[in-house]
Each structure stands twice: as structure tokens, then as C-alpha cells.
Amino acid sequence: MKNKKIRLVAIVVAVVILAGAVTMSLLGLLSNVLKPADFTYIDIPSGENTGYYRYAYNELNQNEKNIYNVILQNIYSMPEKIEVPALEDGDLLKIFEAISYDNPDLFCLGLTSTLQREGQKIYFVPDYIMTYEDYSLKLSNAKNIAMTIAQQASAYPTQYEQELFVHDYIINHCNYSGDTSNPNVNNMYGCLVEGYASCEGYSRAFQYILSQLNIDNRIVTGEASDDGITYIGHMWNFVVIDGKGYFVDVTWDDPSSTNSVLQHTYFNVTTEQILLRHTNIKQPIPICTDTENNFFNKEGAVLTKTNSDSLKDTLETIILKSKHRGYTSAEIKFDSPETLSWAIDEFFNKGVVYRSYEITGVLNDSAEQKVYYSVNEELYTICMYF
């Protein structure tokens, strides 16, 4: 399994007094010179038909929102610095992270920013990782591809189908990369244009496109573990489909960086399911218990223990449906570890899968070909590769 790392965002707060040394009391006086009324605040667009779901902004206090507001009005033109209100009550790191988490198209920003005082004025001084000309071109290219994907997805009648299309498109067109020498792996441009991304790039591209489709969603950061022992920083998504919340980990559904086999193990899962290998979630996400729009439930691919004939009929239906969608695998979820164990014996020891493969045209001669598959024992799923 891939090493799915997320960047650690660092921020530096610097105070520069150009007028010379002053006492702490004077610093306190200067901090009150620039009042919020001296700045123009606009309504931050968020929600349906805005292209953004700015959860992180709404979780700031009012002073933090004011600074976020002023920065957002100016940052896309990439100025050297932006005058902001005094940070009298709040956390600059929280503001910086909120801007980053809410706005996946702001991939011109680096990992550090500075709060700088010049006389009676305070400035936000961002660190950029590219020039304005480079950013403008990359942003245009990434947006064009995102809009094309969103337009194709919008042809489907339900939010579930639109979300599924975007999920599948990203996995089919992007390979996982942890190459830290390429800063674009951590953004939507790397995912959508270059075709290489880290978990951060996958998540931000997914976030941006779903927002264009008016599908409520947000970035989720925390830690995850391939082996259940060693946890590292990771990023994934929270979505609201038909008014119900789910977790989606697009990166973990793309299990190979060089030979991707599309899976849906982590498509619209519950809090209980995501916490099996994900932990220390930073965002205040509501408890997700609904399973209606989970991939396996929605596709009729959740099985209970019945008999070999019924298992074979169900498997054939799932295989045909997968082939019709262009998938190169068939995925099934079981209701318990006991059912999973029973199905593995029926599939591979008693030959159910070989007969089903022959009937559906996956294998021409079961005696000469093998069946490749993977099992997720924690989520009770089997993925069989064609």
C-alpha cells in the first residue's frame, strides 16, 4: 500500500517595528489603531451555487473571520503583502489553515506566511511557490479540466451518481505520487493536469469538483495507517449526499500508483468504518452513521450467508454490472466476518467464482487462467480483478 503523507502546514508570526524600539504598552496601543471598520468586508460565498463550501471560515471567531475576509479579497492577485486588521483575538495559524482548507484553487500558496507590523499597519505576507503568470496558467488549465469533469458528471440524475463519476474519474486519470520534489503533487493541478498527486492532491481535486456540482463537502485532515500500527498524516473528504454525511477516501480507493485498479472500499463510509484505520481527525465532523449511499449498499453488493447457487447468481449480476460500467474488478461486501470466510471458501475453494467468470465472459477457460483478488478483513469486502 502506498505511503500516503500529508504536508504539515507551518506558519511564522513576525513583528517588525520600523519606528524603532517601543515599550509593550505602545505595542498594545498600536494594535488598536486599525479597527475592523477601517476595512471593507464582503459576504464570503459558501454553499450551493457558489463553488465553495467554506466550513473552516465559519468555524473562526469574528476577528479571525475579518482577517480571512480581507486576505481572500486580495490573495488571488498574489500581492507581496496584504494589510489586515490587528489580530487581537485569534490564531494566525488557524486563519491560514482555514484559507487553505476552504480554497483548493489557491495552490500558489506555500507553507509559511508572516504577520508583519510596519509602523501603525499590520500586513499578512504570504509565501508563494510560483509566479503570478505561472499560477494564472495552471489555475486556468486545472479549472478547465475540473469544469469538463463536472459537466460530464452533471449528466447523471442523482448526487450519488455524480459523486461516483468524479471519484472514478480521478482514480482512472491520476497516479499516486509522494514525490516531494514536485510541489504540484499536493494540489488539484497535479491531480487533474499532470496526473500525479499525493493524498492532498486527490482530496483537493475531489473537493473542488464536487463544489462545482453543488455537492456539500469539505477537506478532512488527520492520520491514517496501512498496517494499523504506524500512523502518518493524511487527507481525505467528508461529503453530504441527499442530506446525509459520509467519509470518502479517494486515495485509498486507488491502491496502486502504477497499475491502478479502481475500488470503492472507502466510498461513502461511516465514522465507525473510517476510524478503523484513520484517527486524530482535526475537523469537527458530525458522527456519520447512514449507509444508504455507501457504494456496496447502493449497488446491491452486500451479501448475507445463503447458499452456493444464490451466491453465484448474485456474483454474476455484480460482474455484469461492473463490466457495463467499464470496471476491471467486481467488489462485494459481506455482513460479517463469518459470511466473508464462508464466501471465500465458496468462491475459490469450491469454484463458484470460476463458473461465474465463464458465464459472464471474464474467463474463456477456467483451467488455464487464475483469479486475482484482495480481501479487506476489517470491512468484510472482496475485490476480484478481471
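1. Helices, as named here, are DSSP runs of H or I with at least four residues, and strands are DSSP runs of E with at least two; both are numbered from the N terminus. The structure discussed below is a predicted model. N49 lies in the loop that joins α1 (24–30) to α2 (55–58). Its phi is positive, near 70 degrees, although N49 is not a glycine. Most residues other than glycine have a negative phi. Is N49 buried or exposed? N49 counts as exposed because its relative accessibility is 65%, and the exposed class begins over 50%.

2. Y380 may be read alongside N49. Y380 sits in the loop between β13 (372–376) and β14 (381–385). Y380 is not a glycine, yet its phi is positive, about 60 degrees. With a relative accessible area of 26%, Y380 is partly exposed.

3. The next topic is the nonpolar core. The largest core has 92 residues, and the members that touch the most others are Y68, V84, V166, F334, F347 and M384. F347 illustrates this packing: apart from neighbours within four places in sequence, F347 contacts L311, L315, I332, F334, V352, V353, Y354, I382 and M384. There is also a second, separate core of 13 residues, with W252, I274, C288 and L379 among them. In soluble globular proteins, nonpolar side chains tend to be buried together.

4. An open sheet is built from three strands in the order β1-β3-β2, with antiparallel pairing. Its edge strands, β1 (82–83) and β2 (109–118), each pair on one side only. Helix α4 (residues 92–102) packs on this sheet and touches β2 and β3; the direction of α4 makes about 135 degrees with that of β2. Between β1 and β3 (residues 121–128), the antiparallel pairing extends over two bridges. Which residue of β3 stands opposite E83? The residue is Y123.

5. Helix α4 also packs against helix α3 (residues 62–74), at an angle of about 50 degrees and with the axes 10 Å apart. That angle makes α3 oblique to α4, because it falls between the limits of under 35 degrees for roughly parallel and 65 to 115 for roughly perpendicular. The α3 and α4 crossing is right-handed. At this contact, E64, I67, Y68 and I71 of α3 meet K94, I95, A98, I99 and D102 of α4. Y68 thus appears here and also among the core residues that touch the most other members.

6. A further helix pair is formed by α5 (residues 132–153) and α8 (residues 199–212), which pack at about 55 degrees with their axes 9 Å apart. This makes α5 oblique to α8. The crossing of α5 and α8 is right-handed. From α5, the contact involves K143, A146, M147, I149 and A150; from α8, it involves Y208, I209 and Q212.

7. Strands β7 (residues 232–241) and β8 are joined as a hairpin with two residues between them, and D242 in the turn has a positive phi of about 55 degrees. Their antiparallel pairing runs over five bridges. Strand β8 (residues 244–248) is mostly covered, with four of its five residues buried. Strand β8 also pairs with β9 (residues 267–269), again in the antiparallel sense, over two bridges. Which residues are the bridge partners of V248? In β7, V248 is partnered by N237, and in β9 by F267.

Key. Residues are numbered from 1 along each chain as its sequence is written. This is a predicted model: local features need pLDDT of at least 70, side-chain atom pairs count only at pLDDT 80 or more; totals for chains, interfaces and linings use all residues. Side-chain values use heavy atoms; hydrogens and water are left out. A nonpolar core is a set of buried Ala, Val, Leu, Ile, Met, Phe, Trp, Tyr and Cys residues joined through side-chain atoms within 4.5 Å. Buried means under 20% relative accessible area, exposed over 50%, partly exposed in between (1.4 Å probe, protein chains only). Contact means heavy atoms within 4.5 Å. Two strands pair if DSSP finds at least two bridges between them. Axes are lines fitted to C-alpha atoms, for helices over the stretch in contact, and angles run from 0 to 180 degrees between N-to-C directions. Angles under 35 degrees count as roughly parallel, over 145 as roughly antiparallel, 65 to 115 as roughly perpendicular and the rest as oblique. A crossing is left-handed if the near helix is turned anticlockwise from the far one by less than a right angle, and right-handed if clockwise.
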